[in-house]
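Reader: I am new to reading protein models and would like to practise on this one. Could we go through it together, one question at a time?

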Amino acid sequence: MSVLVIGGTGTTGSRLARMLPDAVAGTRTPRHPGQVRFDWDDPATFDGALDGVHGVYLIPPVGVVDPVPVVESFLARARLVRRVVLLSSSAVPESATEMGALPSLVRTMPEWAVLRPSWFMQNFTGDHQVAQGVRAGEIVSATGDGRVAFIDAGDIAAVAARALTDPVPHNTDHLITGPEALSYADAAAIITEITGRVVRHRSIGTAELAERFAKTVPREFATLLAGLDEAISHGAEDRVTTTVEDVTGRPARSFRAFYSELLSRTPAG
Ligand SMILES: NC(=O)c1ccc[n+]([C@@H]2O[C@H](COP(=O)([O-])OP(=O)(O)OC[C@H]3O[C@@H](n4cnc5c(N)ncnc54)[C@H](OP(=O)(O)O)[C@@H]3O)[C@@H](O)[C@H]2O)c1
């Protein structure tokens, strides 16, 4: 089955595209064979990207308050598509509108799965604000002692690959977590131990964190992000599932293994 991987150059999509031989990676700027132009902001790209495609890995447009209209119009054009796997989030509750309404749209497809991953381990790398904190020696959050079962994007992609290619459609929601719930202080201690460089965690108030975020993202989004941290402080993400092993047959990667491997590839951490 040929699959369009939306966000095919991104954190989970690039890993998924490498796992599926018949994948076409959607990107706003295709540069390589196996990539196709796809832009949520340009519906004229939808038909070309959907050409000959029977399955879609759907990452909704990022930073859009209400993605429902554009996702609805995309799915209306996906006439040949039988199976859609949606990347949602463990932190997005089901709702009648906005992000929380996307799962119900996807469940109208003949075959579907909704992925609800916890927070990505990859947030500790690259440009993410957590990664910036690691480099500065201090991760700042509003999570208090709340714990998160961080998940490796490779494990999310592995679940997505099975959900897209298993002969029997999953037709279910998958709550996907890593193997252990860690506070940011726990994660900082693991990084300190592995790298030998001291990294700490400092928890601040939700309003103060929103102010910090608002320097780089729109205020409405900044408030939403800080609110997710506050939910973590109340235990919203303190849970572990066996989804990765149940679906793929191998256990989810631990944070320690993830960070050790990262360090072996990029010694600066
Ligand atoms: N980070 C977490 O901890 C976490 C946890 C749970 C769920 N999630 C979910 O994961 C998703 C995003 O994850 P991420 O932050 O790692 O981002 P990402 O998947 O790396 O997102 C960037 C990707 O989106 C594509 N993209 C950007 N704008 C686009 C547009 N207008 N049209 C089409 N494609 C576009 C980019 O492609 P090009 O630049 O090549 O066009 C790139 O492939 C979100 O839906 C988020 O809710 C994240």
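**Ser89 and its surroundings**

Author: Happy to! Keep in mind that this is a predicted model. Let us start with Ser89, whose relative accessible area is 21%, so Ser89 counts as partly exposed.

Reader: Where is Ser89 found?

Author: Look for strand 5, residues 83-87, and then for helix 4, residues 102-106. Ser89 is found in the loop between strand 5 and helix 4.

Reader: Which residues is Ser89 in contact with, leaving aside its neighbours within four places in sequence?

Author: Sequence distance can mislead here, so take Leu115 as a test: Ser89 and Leu115 are 26 residues apart in sequence. In space, their C-alpha atoms are 6.9 Å apart. With the neighbours within four places set aside, the contacts of Ser89 are Leu115, Arg116 and Pro117.

Reader: Which backbone nitrogen does the side chain of Ser89 reach?

Author: The distance to look for is 2.9 Å, starting from the side chain of Ser89. The backbone nitrogen at that distance belongs to Ala91.

**Strand 6 and its partners**

Reader: How many residues of strand 6 are buried?

Author: Take the two faces in turn. On one side, Glu111, Ala113, Leu115 and Pro117 are buried. On the other side, Trp112, Val114 and Arg116 are buried too. Strand 6 is therefore mostly covered, and the number of buried residues is 7 of 7.

Reader: Which residue of strand 9 is the bridge partner of Val114?

Author: Begin with strand 5, which runs parallel to strand 6 and is joined to strand 6 by 5 bridges. In that pairing, Leu86 has Val114 as its bridge partner in strand 6. Strand 6 also pairs with strand 9, residues 172-176, in the parallel sense over 5 bridges. There, the bridge partner of Val114 is Asp173.

**Salt bridges**

Reader: How many salt bridges does the structure hold?

Author: Some of them form a network, in which Glu94, Arg107, Arg116 and Asp173 are linked. For the structure, the number of salt bridges is 18.

Reader: How many residues apart in sequence are the parts that Arg82 and Glu111 tie together?

Author: The side chains of Arg82 and Glu111 meet in a salt bridge, with 3.4 Å from N to O. Arg82 lies in the loop between helix 3 (68-77) and strand 5, and Glu111 lies in strand 6, so the pair ties together parts whose separation in sequence is 29 residues.

Reader: Is Glu111 buried or exposed?

Author: Compare Glu111 with its partner: Arg82 has a relative accessible area of 43% and is partly exposed. For Glu111 the relative accessibility is 13%, and buried means under 20%, so Glu111 counts as buried.

Reader: How many residues apart in sequence are the parts tied together by Arg250 and Asp155?

Author: Arg250 and Asp155 form a salt bridge, and their closest N and O atoms are 2.9 Å apart. Arg250 lies in the loop between helix 10 (243-248) and helix 11 (255-265), while Asp155 lies in helix 6 (residues 153-165), so the parts they tie together are apart in sequence by 95 residues.

Reader: What is the relative accessible area of Asp155?

Author: Arg250 is partly exposed, at 35% relative accessible area. Asp155 is buried, and its relative accessible area is 2%.

Reader: Which residue forms a salt bridge with Arg162?

Author: Arg162 is partly exposed, with a relative accessible area of 34%. Its partner is buried, with a relative accessible area of 15%. The closest N and O atoms are 2.7 Å apart, and the partner is Asp166.

**Helix 8 and two loop residues**

Reader: What arc do the buried residues of helix 8 cover around the axis?

Author: The buried residues of helix 8 (residues 206-213) are Leu209, Ala210 and Phe213. They lie on the same side of helix 8, because the arc they cover around the axis is only 105 degrees.

Reader: What covers the buried residues of helix 8?

Author: Several elements take part in this. Among them are helix 5 (129-136), strand 7 (138-141) and helix 9 (219-233).

Reader: What is phi of Asn171 near?

Author: Let us look at Glu98 beforehand: in the loop between strand 5 and helix 4, Glu98 has a positive phi near 55 degrees. Asn171 sits in the loop between helix 6 and strand 9. Asn171 is a residue other than glycine, and its phi is also a positive value, near 45 degrees.

Technical notes
Residues are numbered from 1 along each chain as its sequence is written. This is a predicted model: local features need pLDDT of at least 70, side-chain atom pairs count only at pLDDT 80 or more; totals for chains, interfaces and linings use all residues. Side-chain values use heavy atoms; hydrogens and water are left out. Helices (H or I, at least four residues) and strands (E, at least two) are DSSP runs, numbered from the N terminus. Buried means under 20% relative accessible area, exposed over 50%, partly exposed in between (1.4 Å probe, protein chains only). Contact means heavy atoms within 4.5 Å. A polar contact is a pair of N or O atoms within 3.5 Å; within protein, one must be able to donate a hydrogen and the other to accept it, and residues adjacent in sequence count only if both atoms are side-chain atoms. A salt bridge is a side-chain nitrogen of Lys or Arg within 4 Å of a carboxyl oxygen of Asp or Glu. The arc is that of the directions from the helix axis to the C-beta atoms. Two strands pair if DSSP finds at least two bridges between them.
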